[in-house]
Amino acid sequence: MAGTGRKRKILALTVLAAPEHKDGMDLKLSHDKLKKPIQSQKTQSAETERSHYFTKNDLQHRLGEEFFNQSCIRLAKAFLGKVLVRRCADGTELRGRIVETEAYLGGEDKASHSAGGKRTERNTAMFMKPGTIYVYPIYGIYLCMNVSSEGEGAAVLLRSLEPLQGQPVMRQLRTARRKDGARQLKDKELCNGPSKLCQALDIHRCFDRRDLASDHEVWLERDPNANPAEPSDIVAAPRIGIESHGEWAKRPWRFYLRGHPCVSVVSKDAEIQSLSGNVMNDLGPSDVQSDKGQHNVKRT
């Protein structure tokens, strides 16, 4: 009887121990299952991609009208480091950090579409309130995106972005405009030019004359994870593609973040001059007057 009692006790202990072992197996399996969704996040579809830097419903970093109420040159510099956001029809949000801009002052600036105060159907947005988007075609097939500033006919060209969110969609949009069999673009090549960024963010001509401060499909944000660009981080260089405008082509009104891989064209000479402070001093009286004279101008 004593032996039988011990056997029953051992059997009872065995039965009690079995669920603990099973629970341990379930715990391990549950842990393994938890790993899979985490790994799959890296390969999730572009349509549901969301950056951990930003949340869909968080608009506290969006820049309003007050940001755009600056003179052209100041606004061109202020854009650097800010994030351009494009919300697509399916809700996908594409983001890119602005790393290169160009200022076009209007008035005396012969390289500007609004030089001499000339108004046309195409450049109307340049004479609208600061923050108005100006989209125009080049070579008949490409587009460039600008934003109006303070000043009669003044606007800033957005020249290059650093892709932050939605790179798969950007790559698809860029690839659709390239020849069959072309090599795959690197991330730094997706938006490193004014027409490239329009393709990558699906900016169309219909965006012309929209308000960047209030539009629901495209807007500007502060990057909550980045410090504002310091003066020493900003290179002032001649603008690109305006060689036919003589002395105005030499004005150092292209601004970019020093050493950034997404900048379209690097100017070693300008970088040396920027470090020494000579470029800022190269703004002559007429240049400074042109920029300062843009304040308090009535806009439509």
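**Notes on the salt bridges**

1. A search through the whole structure turns up 20 salt bridges. Keep in mind that this is a predicted model. The idea behind such pairs is simple: side chains of opposite charge can pair when their charged atoms come close.

2. A good place to start is Arg95, which makes a salt bridge with Glu221; their closest N and O atoms are 3.1 Å apart. Arg95 belongs to strand E2 (residues 93-104) and Glu221 to strand E6 (residues 218-221), so this pair ties together parts that sit 126 residues apart in sequence. As for accessibility, Arg95 and Glu221 are both buried.

3. Next, have a look at Arg159 and Glu100. They form a salt bridge too, with 3.2 Å between the closest N and O atoms. Here strand E5 (residues 155-165) supplies Arg159 and strand E2 supplies Glu100, so parts 59 residues apart in sequence get tied together. Again, both Arg159 and Glu100 are buried.

4. Then there's Asp208 with Arg209, whose side chains meet in a salt bridge at 3.5 Å, N to O. Are these two buried or exposed? Asp208 has a relative accessible area of 16%, so it counts as buried, the cut-off being under 20%. Arg209, at 33% relative accessibility, is partly exposed.

5. One last thing to look up in the model: Arg87, Glu93, Arg95 and Glu221 are joined into one network by salt bridges that share partners. So when you find the Arg95 and Glu221 pair from point 2, look for Arg87 and Glu93 as well, because salt bridges with shared partners put these residues in one network.

Technical notes: Residues numbered from 1 in each chain as written. Predicted model: local features only at pLDDT ≥ 70, side-chain atom pairs only at ≥ 80, totals over all residues. Heavy atoms only, no water. Salt bridge = Lys/Arg side-chain N within 4 Å of Asp/Glu carboxyl O. Helix = DSSP H or I, 4+ residues; strand = E, 2+ residues; numbered from the N terminus. Buried < 20%, exposed > 50% of the residue type's maximum accessible area, 1.4 Å probe, protein only.
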